[in-house]
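Take a walk through this protein with me. We start with its strands and end with its empty spaces.

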Amino acid sequence: MSATIEKPDVRPAQADVLIVGNGALGLFLARELSAAGAGSVVVVGPADRSSGGSQAAGAMMGCFAEATSESLRTQPARTRFELGVAAHERWPAVLAALQEHAPGGRPLLTAPETHVVLNSIGAELDNVNLAAIINALTEYGKPWQECDPHDIPGFNPRTDTRALRAILLPEEGAVDARAVLTALQADLLASGVTLLDASVRTLLGDSDSVTGAELDDGHVIEAGKVVVAAGALSESVLKTLIPDLDLVPTFAGLGFAMIARRTGGEPFRSVVRTPNRGFACGLHVVPQADGTEYYGATNRLVDEVGSTTWMADVRFLAQYSMQQLDERAASHEVVRWLAGNRPVTLDGFPLIGWLPRAGLYLMSGTYRDGFHCAPLLAAHVANELQGKPGLIDPIFQPTRRPVATRTVEGSIQEYVEHNLAGWFETGAQAAPQLTTRQIADYYRNMATQFYERVGTDYALGPDILWYAQGSLVGGRRVARYLRRLQPAAAGTGAL
Ligand SMILES: Cc1cc2nc3c(=O)[nH]c(=O)nc-3n(C[C@H](O)[C@H](O)[C@H](O)COP(=O)(O)OP(=O)(O)OC[C@H]3O[C@@H](n4cnc5c(N)ncnc54)[C@H](O)[C@@H]3O)c2cc1C
């Protein structure tokens, strides 16, 4: 991929639009701007996209398969959900246009459909979220059907983790994320966009406006507009110009996945996945363009963006892929390990909009479906940059107050359910006399104590609560932000 990046001696000193970040969002935006003839466009980002989310993504084109009991419960959540529904419609045209640049001419769309399985190893949350998926499909009039788990090509779990039920979503599949990024890059170079293999050290500007950026080696690019699309690092890039910027905080959701070559048995021909559960996007397998299979993915909120992979995560993914997806996976050959960071916002909603410096725009916070939403977000941002009407709801403005979608009681209950799902999936052991209700009470107490200590009535999603509970750094950051929101709130203790 790096062979296609501009050489240092042709680096431009000016751009009409400078995009900081070369993940799916940055590249799709560059493509929209170039198609609209919006002047010179420069994209800056390291060629290996180290620690970025897009290069590690399973790139499931899922919106209905991602639905949970929260998705349609409130109007803001529904608005967020419909972003995915609208994004989905853009993909056929995007893929048709990019296919000519696909590596080896292989199809970018690697799976046309998804099977969601309800298996015997999860917890109540699986049932709840499968019901939410079916309700959403029904409400939006999308096709789906029950199917016999035995008929799913490639699906061959162990008996004790077999699927009890499965549904087919014939209109939701997956693309090969890495092949799409390569094709996008080729498409951009062909249309005259400059891609620089570098990092931005600091944004440049004054208290009124942004004027450009300085790269790691001191090279300066002046720009009329700067779009920060640096994934989980976006906030730190912005703070180089506006140290006291009041953004909804973003955390890094570090995910691990594996790409494996099958050594026997029938290959998967669709995405096969569980519903979202255990603070993550469910266990899934995604066929890749070259015939390999992507097994994913873990999700841990961490203090720093990085690419660490823990043994526990390797075990999690390998063991559960063998148990829940295909027994033969034990003898597959792992050809690539992937680690990347999802940009996770405190309220779970994307950060899309102008910032308080003229010409400065933020495009991030897309969490677990940013690859899927990228073409729509790119079209929206390209419009906004050109002074045309936007395409999405203004609810995603980055300097908003955090969007509220739950009560504290609901947040605690959700946290308990995710922990129970994790508890049973990982086969955690408790003393035989300990009941499920007692395990639930243990988690309920932990969450209740967190809310009492912080003294907030802003209710967090289960993953943020898990992080704030488990990391002192994370807990303090969340607590500081929530106390700033509610200065009058009196918690019972420090964090
Ligand atoms: C394991 C995993 C599985 C996922 N699965 C799916 C899925 O199935 N479907 C889906 O839709 N989404 C999925 N996602 C989420 C999705 O990948 C993200 O929401 C999306 O890719 C974010 O795109 P982005 O362009 O905003 O950020 P990124 O992809 O993180 O790109 C940001 C880029 O900016 C660069 N950068 C950082 N700092 C600087 C700097 N200072 N200067 C210049 N460049 C910089 C980074 O190197 C990176 O290349 C998954 C994510 C992970 C981690």
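Which residue stands opposite Y294 in β15? I259 does. Before going on, note that this is a predicted model, in which local features need pLDDT of at least 70, side-chain atom pairs count only at pLDDT 80 or more, and totals for chains, interfaces and linings use all residues. Residues are numbered from 1 along each chain as its sequence is written, and side-chain values use heavy atoms, with hydrogens and water left out.

Start at strand β12, residues 250–261. Strands (E, at least two residues) and helices (H or I, at least four) are DSSP runs, numbered from the N terminus. Eleven of the twelve residues in β12 are buried, where buried means under 20% relative accessible area, exposed over 50% and partly exposed in between, with a 1.4 Å probe and protein chains only.

β12 has several partners. Two strands pair if DSSP finds at least two bridges between them. With β17, residues 333–345, β12 runs antiparallel, and twelve bridges join the two. In that pairing R261 stands opposite E333. With β15, residues 293–296, β12 shares four bridges, again in the antiparallel sense. With β16, residues 300–302, the count is three bridges, also antiparallel. There G253 has L301 as its bridge partner.

Between β15 and β16 is a loop, and N299 lies in it. Is N299 buried or exposed? Its relative accessibility is 11%, so N299 counts as buried. Now look from N299 to A374. These residues are 75 apart along the chain, and their C-alpha atoms are separated by 20 Å.

Move on to a hairpin. Strands β18 and β19 form it, with five residues between them. G359 sits in the turn and has a positive phi of about 90 degrees. β18 covers residues 351–354 and β19 covers residues 360–364. The two run antiparallel and are joined by four bridges. W354 has Y361 as its bridge partner in β19, and I352 stands opposite M363.

β19 has another partner as well. Strand β11, residues 220–228, pairs with β19 in the parallel sense over three bridges. V228 of that pairing stands opposite L362. How many of the five residues of β19 are buried? Five of five are. Both faces of the strand are covered, with L360, L362 and S364 on one side and Y361 and M363 on the other.

A record adds an annotation here. UniProt, in an unreviewed entry, places the feature "domain: FAD dependent oxidoreductase" at residues 16–383. UniProt positions are given in the numbering used here, feature names are shortened, and annotations may be inferred rather than shown by experiment. The end C-alpha atoms of residues 16–383 lie 15 Å apart. Helix makes up 26% of the span and strand 28%.

Now turn to the empty spaces. Rolling a probe the size of a water molecule over the atoms shows where empty space is left. On a 1 Å grid over the protein atoms alone, a cavity is a set of points where a 1.4 Å probe fits but cannot get out; a pocket is an open set with protein on both sides within 12 Å along at least five of seven lines; lining residues have an atom within 4 Å of a point. Grid points are joined across faces, edges and corners, and a volume is the space filled by probe spheres set on the points.

The whole structure holds two cavities of 30 Å³ or more. The largest cavity has a volume of about 720 Å³. It is lined by 35 residues, and T68, E70, G348, Y367 and R368 are the closest to its centre. Helix α2, residues 75–88, supplies at least two lining residues, as do α4, β17, α9 and α11. The largest share, four residues, comes from α2.

Last comes the second largest pocket, with about 480 Å³ of space. Its lining has 24 residues, and G278, F279, N299, F316 and T426 lie nearest its centre. Helices α7 (311–324) and α9 (408–425) are the elements that give two or more residues to this lining. The largest share, five residues, comes from α7. Where does this pocket lie? Domain 2 (56–71 + 106–175 + 251–345) and domain 3 (408–485) both give residues to its lining, so the pocket lies between them. These domain bounds come from an automatic or database domain assignment.
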